[in-house]
Amino acid sequence: MLSSAQAPRLVRSPGLRLRPIKCLHTAQSSPLATTTTTAPSSQILTIRKSLLTQQTTAVDLAKSFLDRLRRTEPQLNSFLYVSPDDAVLKQAEELDNKIKNNEKLGPLAGVLVGIKDNICTSDMPSTAGSRILENYRPPFDATAVRKLKESGAIVVGKTNLDEFGMGSTTEGSAYQVTANPWDLSRVPGGSSGGSAAAVSARQCVVSLGSDTGGSVRQPAAFCGVVGLKPTYGRVSRYGLVAYASSLDVIGCFGSSVADAGILLHTISGYDKFDSTSSKREVPDFTSQFVGKDYLESKPLKGLRVGVIRETFGDGVDPEVISSVRGAVTHLEELGCFVTEVSLPSFSLGLPAYYVLASSESSSNLSRYDGIRYGNQVLGDELNSLYGYSRAQGFGSEVKMRILMGTYALSAGYYDAYYKRAQQVRTIIRDSFKSALEKNDILISPASPSVAYKIGEKKDDPLAMYAGDKMTVNVNLAGLPALVLPCGFVEGGSAGLPVGFQMIGAAFDEEKLLKVGHIFEQTLQVSSAVPPLIAGELTC
Amino acid sequence: MASRAALLVLRATPPLFSFKKDIFPNKTLIFKQNNRNYAAKSCLEPPDVQRLAETARISLTPHEVEEFAPKIRQVIDWFGQLQAVDLQNVEPAIRADNEGETLREDLPEIFENSNV
């Protein structure tokens, strides 16, 4: 059994086959020397370099990704909609022409992106994983999607999710269940399971998800990829199907910290269509992604790291704990000053989150009335039209959360539940704020366990909610957080990934990404790929 | 707001259902960890799923009401631990609010797609 308590380096045991990705090219083209340590490991930067030096064309690159996508899709089911090949290749061709004419390329030129299906795209269906929006095509692109397209990215399709973002396994989708690329009998996490699985299986380079209570970070941990949740207000929510408006953010998945960071930088910024979006300047956090050779011996010297005591107690897998402690040891080796931090209000976050999220969702989902858009079921009069359309369009988890929210907001109950939950939010926000005055970042596991079997938690809502306890407080406090892989535990045919979470101060994504990048470059965990595709990537 | 008024009218009659406690022995770790005093919540009526469904305009089948009621009851009971926390003098936060005032000047703005 893998024990990270010994050393942060991965130990090659008989059960584990870890093959680093050498490069993305087909066997014909000349290999790019990505095993150097002068360049940071980043698919986006590697792609950019090989396009600009004309070692590969955007069309060849798109073809190789589409090939892999179609080959792995029957087993993974990570996409609800895949763009037709000719649409993708046409965009790639246009890019190749731009390169030939020496035109300026956007930062994500040639990069294939998957988009969670609760983010509106005008040229593709956007169902939010629900039957009530089956075949719905929004008349506009979400701001994040518009910015991606402007940067040269190619949207390859819409990924699967738990209906309306409500769930932690992607089993709540009305359409299909996505499998974890590391073990097809296990969940990829949720609600952005499709986006996480797609990046993990290299069906696309990066993807967008949404995070209301951990929906980007937990699937990132389960699928062994990097998940980045920005500060609330960093990225515009215009075009994100609202679940809980005070908690929702759009987040990024990548196979490396640099990729997630470059993607975040592209979609961040003030948007007049989102009144909660921040007017703060977005710093260029991409310039700090340097290769390992450029790092000093103790590159994180003086960084104060606080390990949250309450996240290592009861209910957390001992193997997860030992893996995360291994990550902490590695941070110490890099020069960090590590202490333990106590947040006594930590455990209140979970019930407060579910009260707030259910209540806000009961209000946000009242717009799905069978009249404005989406599917309609006729009734004798208006209330029954509403009743039947919603009853047939919504799945059971969504219905339950709407009913719980309706209860918590009812006259006479508002003070007991919703108002109290908001007061708990104040307490949690303040406790994180004071902890982050004494520490640069806080650490916890991303999830109390690794990916569990499909169907295991389906009938027990509280057991499923309990899995969110590491992540919800960050949404309540509106802070940024980064999840990256730190080790493996036994399971599946090649181990199951463990992710750890780094939490930063509000709008301090720059520091989080810097620490994450250095951690990752000095510990090659992220170059491991799931056995599903291990044989395909050749040099 | 209209639904709250409607609920006030409907609440004139006493609740129709009363649920047996502890019909599901499968307690989660959360219940075990928090041996809090739930007495404060006993003055609140348990969730009446049929009535909530009418308020939320979702036509549930009787089978669904039967299926959801215990699960909803279980989760609402779990929410009850918020009653036991001392929250005197704590301001409720409508959102994380890391920004402060975000209101703009009260001046009219013309948009490109305006028909005026």
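**Buried charge pairs and a parallel strand core in a predicted model**

Both Glu360(A) and Arg425(A) are buried. In this predicted model, their side chains form a salt bridge, with an N to O distance of 3.9 Å. The pair connects distant parts of the chain. Glu360(A) belongs to helix 9 (residues 349-364) of chain A, and Arg425(A) to helix 12 (residues 415-438) of chain A. The two residues are 65 apart.

A salt bridge also joins Lys158(A) to Asp117(A), at 3.0 Å from N to O. Lys158(A) is in strand 3 of chain A, whereas Asp117(A) is in the loop between strand 2 and helix 4 of chain A, so the contact ties together parts 41 residues apart in sequence. Buried means under 20% relative accessible area. Lys158(A) has 0% relative accessibility and therefore counts as buried. Asp117(A), with a relative accessible area of 2%, is buried as well.

Glu397(A) and Arg401(A) form a salt bridge within one helix. The N to O distance is 2.7 Å. Both residues lie in helix 11 (residues 396-409) of chain A, four residues apart, or about one turn of the helix. An α-helix has 3.6 residues a turn, so residues three or four places apart point the same way. Glu397(A) has a relative accessible area of 19% and is therefore buried. Arg401(A) is at 1% relative accessibility, so Arg401(A) also counts as buried. Elsewhere, salt bridges with shared partners join Arg304(A), Asp440(A), Asp508(A) and Lys511(A) into one network. Over all chains, the count comes to 24 salt bridges.

Strand 2 (residues 112-116) of chain A is mostly covered, with five of its five residues buried. Leu112(A), Gly114(A) and Lys116(A) point one way from the strand. Val113(A) and Ile115(A) point the other way. Strand 2 of chain A runs parallel to strand 3 (residues 154-159) of chain A, and five bridges join the two. Within this pairing, Lys116(A) has Thr159(A) of strand 3 as its bridge partner. The connection from strand 2 to strand 3 of chain A passes through helix 4 (residues 143-150) of chain A, giving a right-handed β-α-β crossover. Strand 2 of chain A also pairs with strand 4 (residues 206-211) of chain A, in the parallel sense over three bridges. Here Gly114(A) has Ser207(A) of strand 4 as its bridge partner.

In the crossover helix, helix 4 of chain A, the buried residues include Thr143(A), Ala144(A), Val145(A), Lys147(A) and Leu148(A). Elements covering the buried residues of helix 4 include strand 2, strand 4, strand 6 (249-254) and helix 7 (257-267) of chain A. Gly152(A) follows helix 4 of chain A and has a positive phi, near 100 degrees.

The UniProt record, an unreviewed entry, places the feature "domain: Amidase" at residues 61-513 of chain A. This span is 36% helix and 14% strand. Its end C-alpha atoms lie 27 Å apart.

Chain B has four helices and zero strands. Its pattern along the sequence is α-α-α-α. Of the 116 residues in chain B, 33% are buried. Among contacts in chain B between residues at least 6 apart in sequence, 78% join residues at least 24 apart. The exposed area of chain B is about 8200 Å², and carbon and sulfur atoms supply 55% of it.

Key:
Residues are numbered from 1 along each chain as its sequence is written. Chains are lettered from A and ligands numbered from 1 in the order in which they are written. This is a predicted model: local features need pLDDT of at least 70, side-chain atom pairs count only at pLDDT 80 or more; totals for chains, interfaces and linings use all residues. Side-chain values use heavy atoms; hydrogens and water are left out. UniProt positions are given in the numbering used here, feature names are shortened, and annotations may be inferred rather than shown by experiment. Buried means under 20% relative accessible area, exposed over 50%, partly exposed in between (1.4 Å probe, protein chains only). Two strands pair if DSSP finds at least two bridges between them. A crossover is right-handed if, with the strands pointing away from the viewer, the path from the first strand over the helix to the second runs clockwise. Contact means heavy atoms within 4.5 Å. Accessible areas come from the Shrake-Rupley method with a 1.4 Å probe; for residues, only the protein chains shown count as cover. A salt bridge is a side-chain nitrogen of Lys or Arg within 4 Å of a carboxyl oxygen of Asp or Glu.
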